[in-house]
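Here are my notes on the model, for your review. Please read them with the coordinates open.

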Amino acid sequence: MFEYPLVARPAHVPPELVREFDLFNIKANNAEWQLAVRDQIHAEGMPDIFWTPCNGGHWVPTRAPLIQEGLKDATRFSSRRITPIPGTNPSPPFVPLMIDPPDHAKYRSLIMPFLSPKEVQRLGEDARQLTISLIEGFYDKGQCEFIEDFATHLPIAIFMSIVDLPERDRLPLLAIANTLVRGMDLEKQAQAREDMAAYAMALINERRTNPGKDLISAAATARIDGELLSDDIMLGMVTLLLTAGLDTVASMLAFFTRFLADNPGHRRQLIDNPELIPDAVEEMLRRFPIANLGREVIEDTELGGAQLKAGDFVLFPTVAFGMDAKHFENADQVDFKRANKIHETFGDGAHRCMGSMLARAELRVFLEEWLKRIPDFRVKPGTELEVLNMGVAGINYLPLEWDVK
Amino acid sequence: MAAPYLKWQCFFCGEIYDEELGHPASGIAPGTRWEDVPEDWICPGCGAMKADFYLLEE
């Protein structure tokens, strides 16, 4: 549990738009975090946008059109600050995530070739091999702790492939990853971030001396506006790559898996019709958004009828889009054949998630290979699932069991 | 002779726009060249912008 003292209402915020809402402390039954958030932000009488004194004080748009409007518009909403709580903004800044257009495109174009559709196909097949070997490794035990035994392995392996890391780095990276994903112990998290920065810096220096064909080598030898990239920019890029693809994918895998464990009908639908899997990935992405995207207001502006001042902070919970019943019919239901599939789970506009296609590939491969081998599984009876949420919501412990045949 | 039809792919979701097929469901007639697809057209797969599509080399 993380608590930050309430802050006073600024003069420009009208009292009728104030709600004491703490997105980082939402109690959810059976890991239904998205439902729990929905129940609060779409409750009777809630405005389309409100201001909360929690977590440093920030605005929360609650409806699909406002989420889309804000995320698409980098001229009004800057990514230079992405967390509302003072002193928690990543330093050095994540690159290009925390760089506004037009400069961000220079860095983004360095990364794009490594996440192109063609590369994703190759990485997806690597993910398939790993998925199969992980499942076969624990299948006979009839149980696993899904996060540590499976969910964090996949994104680490993908990262290792993109930046061409030796096998010996896997275990230390997994240890850091598990601490970051598990997250609410701020001290341990800070230590893990330091460990990761030290690891990343050593890697950057190595690739500057001996460049290969990987992403870090490309960035280490690239010139932008005639200059090599600084240590801070390089570090911001490598830490972003590692963290952005890590807790997000691990968390999505966990939400998908918890849902399928509890819904045999949906499992059966995918086992009988595997061609539905890409649509199922999209639908579960819509239904289980995890990212809370922060932006700082650049100049005084209006959003959803509220007057926002320069320097105000806005937290755009992507769940407010996916769970908006005014935008999606039966928004709380999972319907693999839903016609309207377009969601904001990967953000929108200039900072739309560069790894979205890779994430989709990992999720698709997971469903294909897991359901073939473990069609029936359940959350270990008696487990109380807990969802933690700072920037990204995640299930930190998910014990599963199945009957070995 | 008319230039061959080209295919464009969305960077974010992999959706392919085939000029020969167009995208009738979103109002783009078969045979519509990429340059004639309106600038405010969005990816039918994920909602990304037209600028997020790349020429697919086969």
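The points below go from the whole of chain A to its core and sheet, then to chain B and the contact.

1. Basis. This is a predicted model: local features need pLDDT of at least 70, side-chain atom pairs count only at pLDDT 80 or more, and totals for chains, interfaces and linings use all residues. Residues are numbered from 1 along each chain as its sequence is written, while chains are lettered from A and ligands numbered from 1 in the order in which they are written.

2. Overall form of chain A. The C-alpha atoms fill a box of roughly 65 × 55 × 40 Å along the principal axes. The radius of gyration of chain A is 21 Å, which agrees with the value near 22 Å for a compact globule of 405 residues. That radius is taken over C-alpha atoms, and the globule rule is 2.2 Å times the number of residues to the power 0.38. Chain A has 15 helices and 14 strands. These are DSSP runs numbered from the N terminus: helices are H or I with at least four residues, strands are E with at least two.

3. Burial and contacts in chain A. Of the 405 residues, 45% are buried. A residue is buried if 20 or more other C-beta atoms lie within 10 Å of its own, exposed if 12 or fewer, and partly exposed in between; C-beta atoms are placed from the backbone. Contacts are pairs whose C-beta atoms, again placed from the backbone, lie within 7 Å. Among contacts in chain A with a separation of 6 or more, 73% join residues 24 or more positions apart.

4. Nonpolar core. The largest one has 129 residues. The term covers buried Ala, Val, Leu, Ile, Met, Phe, Trp, Tyr and Cys residues joined through C-beta atoms within 7 Å. Val238(A), Met252(A), Leu253(A) and Ala254(A) have the most contacts inside this core. Helix α15 (residues 356–373) of chain A gives the largest share, nine residues. Leaving out residues up to four places away in sequence, Val238(A) touches Ala200(A), Leu203(A), Ile204(A) and Ile216(A).

5. A covered helix. In α13 (residues 277–287) of chain A, nine of eleven residues are buried. Charged names appear in that list, including Glu282(A), Glu283(A), Arg286(A) and Arg287(A). The buried residues of α13(A) pack against α1, α11, α12, α14 and α15 of chain A.

6. Sheet in chain A. The order is β4-β14-β11, open and antiparallel. Strands pair if DSSP finds at least two bridges between them. The edges are β4 (143–145) and β11 (378–379) of chain A, each pairing on one side only. Two bridges join β11(A) to β14 (residues 399–401) of chain A. Val379(A) stands opposite Leu400(A) there.

7. Strands in chain B. Which strands does β1(B) pair with? Three antiparallel bridges join β1 (residues 7–10) of chain B to β2(B), and three more antiparallel bridges link β1(B) with β3(B). Gln9(B) stands opposite Ile16(B) in β2(B) and has Tyr54(B) as its bridge partner in β3(B). The hairpin of β1(B) and β2(B) has five residues between the strands, with Gly14(B) at a positive phi near 85 degrees.

8. A loop residue. Glu35(B) sits in the loop between β2 (16–18) and β3 (53–55) of chain B. Why is Glu35(B) exposed? Because 6 other C-beta atoms lie within 10 Å.

9. Contact between the chains. Eight residues come from chain B and eight residues from chain A. On the chain B side, five are nonpolar, three polar and none charged. Here Ala, Val, Leu, Ile, Met, Phe, Trp, Tyr, Cys and Pro count as nonpolar, Asp, Glu, Lys and Arg as charged, and the others, Gly among them, as polar.

Methods:
Contact = placed C-beta atoms within 7 Å.
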